[in-house]
Amino acid sequence: MNASAWTLLAVFLAVLGLLAWPVGRFLAALCDGRLPHWMARVEAPLYRLAGISPDDSMHWRTYALAVLAFNALGALVVYGLQRLQGLLPLNPAGMAAVSPDSSFNTAVAFVTNTNWQGYAGESTMSYLTQMLGLTVQNFLSAATGIAVAFALARGFAARRTDGKGSVGNFWVDVTRITTWLLLPLSFVIAVFFAGQGVIQNFDSYKTIDTVETQSWQQPKNGPDGQPLKDAAGNPVMEDASSKTQTLAMGPVASQEAIKMLGTNGGGFFNANSAHPYENPSALANFVQMLAIFLIPAALCFAFGRVVGDLRQGWAVLAAMTVMFVIAVVALVPAEQAGNPLLASMGVDQLHSALQAGGNMEGKEVRFGIDASTLFAAVTTAASCGAVNAMHDSLTPIGGMVPMVLMQLGEVVFGGVGSGLYGMLIFAILAVFIAGLMIGRTPEYLGKKIETHEMKLTSIAILVTPILVLAGTALAVSLADGKAGIANPGAHGFSEILYALTSAGNNNGSAFAGLSANTPFYNGLLGLVMWLGRFGVIVPVLAIAGALAAKKRLPETAGTMPTHGPLFVSLLIGTVLLVGLLNYVPALALGPVVEHLMLWK
C-alpha cells in the first residue's frame with residue numbers, strides 16, 4: 001500500500017470512530033427505552049393505533065414469530081407492487097410488470113437486507129415501486145436487524161430474571177429504530193447527497209444530444225459502406241438527431257441515503273454507486289463509506305453500554321477493525337500491482353502524476369484504485385453490497401478478499417444489527433473453546449454457556465456455509481446453472497461461488513459476469529437469501545431468550561476476561577478458523593487457481 005492508501009484508511013477509521021461514539025450512546029438509549037418525554041408522547045398514538053403496549057416484553061418465540069410475520073408480509077407487498085406496477089401511478093417511463101421469478105427474487109432480496117438485483121433498476125422499476133416497495137424495505141429490513149441485535153444484548157444484560165426469557169417488544173423496537181434513528185439520519189444524508197449532485201425528482205426520462213453530435217459528427221456511409229457525398233462532392237454528415245442518449249431520472253438521493261445507512265446496497269441505477277447520479281464526487285464516495293459502517297460500529301459501543309461494561313464493546317469493535325484492516329492491506333496492493341499479462345506486453349501500469357496506475361479495469365477514474373478498493377472492502381465487510389467498481393474486473397486475489405469477507409459470516413462490522421449479533425455468536429463459541437482448554441464452565445458476561453446455547457450457536461454458524469456450498473454445487477451441476485456462465489473455467493466458478501456467497505450472507509454484491517436473471521437463479525438465490533437471513537435470526541433469538549432466563553453471575557477471580565487483547569485475539573482466531581475453513585476447498589477451485597494461472 002502506498003502513502004495515499006494508508007492516509008485514506010486512517011482518516012476513514014478516525015472519522016468513523018468520532019461519529020460512531022455519539023450514535024452508539026443514542027442506540028443504547030433506544031435499546032433500554034430511555035427516551036425523552038416528548039418522544040414517548042409522539043409514539044403513544046402509534047402504539048394505541050396498533051393495539052400494543054410499549055411496556056409488554058415478548059418471549060423470544062413471540063418475538064421471532066413477529067419478525068417472520070412482519071417480513072413475510074413485506075415480501076408479499078413488494079412482490080405485488082412489481083407485478084402490478086404497469087397499472088399504478090408514478091410510472092413516467094411506462095414500465096411493464098416485472099416477471100414472476102424476478103419479482104420473487106427482488107422481494108426476498110429487499111426484505112432480507114440483501115438487495116440482490118438481477119435487473120437494471122432504471123429500465124425495470126417504476127418510481128412508485130422504487131419508493132413504496134424497495135425504499136420502504138430498506139428501512140424496515142435494517143430496523144429488523146437492529147431489533148434482533150437489541151434482543152440479544154438484552155439477553156446478556158438481564159441481571160434478574162423471571163425465567164420467561166423475555167427479550168423486548170419487536171413492534172416497539174422497529175418503531176423506535178425507524179422513527180428516531182433511520183429516518184432522521186437518512187434525511188440529513190439525503191440532503192447532503194442532493195447537494196453533491198445526486199438527483200432527486202419525479203421528472204420523465206430526458207433525451208439529450210450527446211457530445212458526439214455537437215462536436216464530432218462523422219461522414220454518413222451508404223449501403224456499400226462507402227461515405228456518401230452530395231452533388232458538390234462534399235461528404236454527407238450523419239443526422240445529429242441519431243446521436244442521442246436517454247438519461248434516467250428519479251428520486252435517487254432519498255433511496256441512496258438509506259441504501260448506505262441501512263447496509264442495503266440496492267442501487268436506483270444498474271451501475272449502482274459507480275453511476276454519477278448516485279455517487280458523483282470523491283466526497284460523496286467518502287460519506288457513503290462512512291454511512292455504511294456508521295451503525296455497525298455504533299452498535300458495538302451501544303452493546304457495551306447496555307451490558308454495563310464499555311470494554312466489551314471496545315473488544316468486539318477491535319476484533320472487527322483488525323480483520324478489516326488486514327482485508328484492506330491484502331486488497332489494495334493486489335489492485336495496485338496491476339495485471340502481469342499487460343506488464344509482459346510492455347504496458348505501463350505504474351502510478352504517476354499522469355495516471356492512477358495498477359489495475360484500473362472496471363474502476364471509475366474519479367475514484368481511482370485507493371477509493372475503489374476501500375469501498376469494495378467496506379461494502380463486503382458490512383453486508384451492504386453497493387459497488388462503485390466492477391468486482392468482476394478485480395484481480396484474482398483482489399476479488400477473493402471481498403468474497404472472504406462475506407464468507408466469514410458478515411461479522412467484520414457486518415450489516416446493521418446482523419454484524420453485531422453474528423460476532424457475538426462467534427464470541428460465545430470463543431469462550432466455549434477457551435473453557436474447554438482451561439477446564440472451566442464457559443461463561444460470557446456472567447451468563448453460563450451450556451449445551452443448549454452451543455447447539456443453537458452451531459446452527460447459526462453453519463446454516464450459511466451449508467446454503468452457499470450446497471447452492472454452488474447445485475448450480476455447477478445443472479445445465480440451467482452453467483448456462484449463465486460467461487467465462488468458463490476458474491473465473492466462471494468464482495462468479496457462481498461469489499453469487500451464492502453474496503446471497504447466503506445477505507450481502508447483495510455480484511461479480512456481474514454471471515447471467516443470474518433467469519428462473520433458475522432467481523429461485524435458487526431467493527431461497528438462499530431467505531434461509532440465510534432467518535435461518536440465523538431464529539437461533540440468535542433463541543439464544544437471547546435462553547440467556548435472558550439465566551441469572552447473571554458475579555465476576556470472580558476465576559472468570560476469564562473478555563475485554564483484553566488475549567480475548568480479542570481468540571475471537572479473531574475463532575472467526576478465521578471456523579468461518580473461513582468451510583470455504584477453503586471452494587476458494588482453491590476458484591480465485592486461487594485463477595491467481596496461479598495469471599502469475600504463471
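This section describes the overall dimensions, the cysteines, a nonpolar surface patch and one exposed leucine of a predicted model.

The protein comprises 21 helices and 4 strands. Its C-alpha trace extends over about 100 × 60 × 45 Å along the principal axes. The radius of gyration is 25 Å, which agrees with the value near 25 Å that a compact globule of 600 residues would have. Of the 600 residues, 56% count as buried. Among contacts in the protein with a separation of 6 or more, 80% are accounted for by residues 24 or more positions apart. The exposed area of the protein is about 24,000 Å², and 65% of this area is supplied by carbon and sulfur atoms.

The structure contains 0 disulfides. For Cys 31, the closest cysteine sulfur belongs to Cys 300 and lies 14 Å away, too far for a bond; a disulfide would require the two sulfur atoms to be within 2.5 Å. Cys 300 likewise takes part in no disulfide, and the nearest cysteine sulfur to its own is that of Cys 31, at 14 Å. Cys 31 counts as buried because its relative accessibility is 6%, a value under the 20% limit for that class. Cys 300 has a relative accessibility of 0% and therefore also counts as buried.

On the surface, Trp 21, Leu 310 and Trp 314 make a nonpolar patch of about 280 Å². Trp 314, one of the residues of this patch, is located in helix H11, which runs through residues 310-336. The relative accessibility of Trp 314 is 45%, so this residue counts as partly exposed; that class covers values between the 20% limit for buried residues and the 50% limit for exposed ones.

A further residue examined was Leu 589, which is part of helix H21, spanning residues 584-598. Leu 589 has a relative accessible area of 54% and is therefore exposed, the threshold for that class being over 50%. When residues up to four places away in sequence are not counted, Leu 589 touches Ala 490 and Phe 493. Leu 589 is separated from Met 323 by 266 residues in sequence, and the C-alpha to C-alpha distance between the two is 24 Å.

Conventions. Residues numbered from 1 in each chain as written. Predicted model: local features only at pLDDT ≥ 70, side-chain atom pairs only at ≥ 80, totals over all residues. Heavy atoms only, no water. Buried < 20%, exposed > 50% of the residue type's maximum accessible area, 1.4 Å probe, protein only. Patch = residues over 30% accessible without salt bridge, like charges linked within 9 Å, V, L, I, M, F, W, Y side chains within 5 Å. Areas by Shrake-Rupley, 256 points an atom, 1.4 Å probe, with all protein chains shown as cover. Salt bridge = Lys/Arg side-chain N within 4 Å of Asp/Glu carboxyl O. Helix = DSSP H or I, 4+ residues; strand = E, 2+ residues; numbered from the N terminus. Rg over C-alpha atoms; globule rule 2.2 N^0.38 Å. Contact = heavy atoms within 4.5 Å.
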